[in-house]
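Got the model loaded in your viewer? Let's walk through it stop by stop, starting with a pocket.

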Amino acid sequence: MKRILAIFVLTAFTVVFVSCKKSNDGNGKTKTELLTQASWKFDKATASGFGDISSQLPSCKKDDIITFSSNNTGVVDEGATKCNAGDPQATNFNWNFLSNETVLHLSVVLFSGGSSDFNIVSLTETNLVLSQVMNVSPFGNTTVEVTFKH
């Protein structure tokens, strides 16, 4: 009887262990699937020690639309307002994950004073939160968290 119970427990444990899949938001989608399922638009920006700094970003950046494709390419559309009339309406870029999918690397810089590497704070069905150290006037070098939404 103990042998049958042990086999049953081992089988049940194996079924539970194999059926569990690690995911970021509980829905079973990979980070690539979450990132590429729809375009992203700026929602807000905060800086360590300063709070909401969304008003510090130019309006021409806040209306940009960022689209990631599953083939590791993407497009930044300038939206309705361009920062420079001579800039193209859309800029193509390449992207990839680094450091066990904790860093998002882009071949372009999205915000002046920043870099092309972002730490992924969170990535869900509806929100993408990225952070990086940026030189933000008048605050200087500070960690900025930028939230995008669908």
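Select Gln56, Leu57, Pro58, Ser112 and Val136: of the 15 residues that line the largest pocket, these lie nearest its centre. The volume here is about 210 Å³. Colour the lining by class and you get ten nonpolar residues, four polar and one charged. Now bring up the strands around it. Strand 8 and strand 9, the latter covering 140-149, each put at least two residues into that lining. Which strand gives the most? That would be strand 8, with three residues.

Before going further, colour by confidence, as this is a predicted model. The average pLDDT for the chain is 85, and 83% of the residues score at least 70. Then select residues 1-26, where pLDDT stays under 50. Across that stretch the model has nine contacts beyond four places in sequence. Where pLDDT is low, the predicted coordinates should not be read in detail. So hide that segment if it gets in your way.

Back to strand 8, which spans residues 127-136, and on to serine 131 within it. Is serine 131 buried or exposed? Its relative accessible area is 9%, and because that falls under the 20% cut-off, serine 131 counts as buried. To see its surroundings, show Phe118, Asn119, Val121, Thr143, Val144 and Glu145, which serine 131 touches once residues up to four places away in sequence are set aside.

Next stop, the inside. The structure has one cavity of 30 Å³ or more. Rolling a probe the size of a water molecule over the atoms shows where empty space is left. The largest cavity comes to about 70 Å³. Put its lining on screen by selecting Phe42, Lys61, Asp64, Ile66, Val76, Leu110, Phe111 and Phe148. By class, that lining holds six nonpolar residues and two charged ones, with no polar residue.

Now for some backbone angles. Most residues other than glycine have a negative phi, and most peptide bonds are trans. Go to asparagine 72: not a glycine, yet its phi is positive, about 65 degrees. You'll find asparagine 72 in the loop that joins strand 3 (65-68) to strand 4 (73-77). With a relative accessibility of 31%, asparagine 72 is classed as partly exposed.

Then jump to glutamate 101, another non-glycine residue with a positive phi, about 65 degrees. This one is in the loop between strand 5 (90-98) and strand 6 (103-106). Glutamate 101 has a relative accessible area of 34%, so it too is partly exposed.

Finally, zoom out and switch to cartoon. How many helices and strands does the chain have? Count three helices and nine strands. Followed along the sequence, the pattern reads α-α-β-β-α-β-β-β-β-β-β-β. Of the 150 residues in the chain, 29% are buried. For long-range contacts, take those with a separation of 6 or more: residues 24 or more positions apart account for 37% of them. Last, turn on the surface: the chain exposes about 9,000 Å², and 56% of that comes from carbon and sulfur atoms.

Key:
Residues are numbered from 1 along each chain as its sequence is written. This is a predicted model: local features need pLDDT of at least 70, side-chain atom pairs count only at pLDDT 80 or more; totals for chains, interfaces and linings use all residues. Side-chain values use heavy atoms; hydrogens and water are left out. Helices (H or I, at least four residues) and strands (E, at least two) are DSSP runs, numbered from the N terminus. Buried means under 20% relative accessible area, exposed over 50%, partly exposed in between (1.4 Å probe, protein chains only). Contact means heavy atoms within 4.5 Å. Accessible areas come from the Shrake-Rupley method with a 1.4 Å probe; for residues, only the protein chains shown count as cover. On a 1 Å grid over the protein atoms alone, a cavity is a set of points where a 1.4 Å probe fits but cannot get out, and a pocket is an open set with protein on both sides within 12 Å along at least five of seven lines; lining residues have an atom within 4 Å of a point. Grid points are joined across faces, edges and corners, and a volume is the space filled by probe spheres set on the points. Ala, Val, Leu, Ile, Met, Phe, Trp, Tyr, Cys and Pro count as nonpolar, Asp, Glu, Lys and Arg as charged, and the others, Gly among them, as polar. pLDDT is the predictor's confidence in each residue, from 0 to 100.
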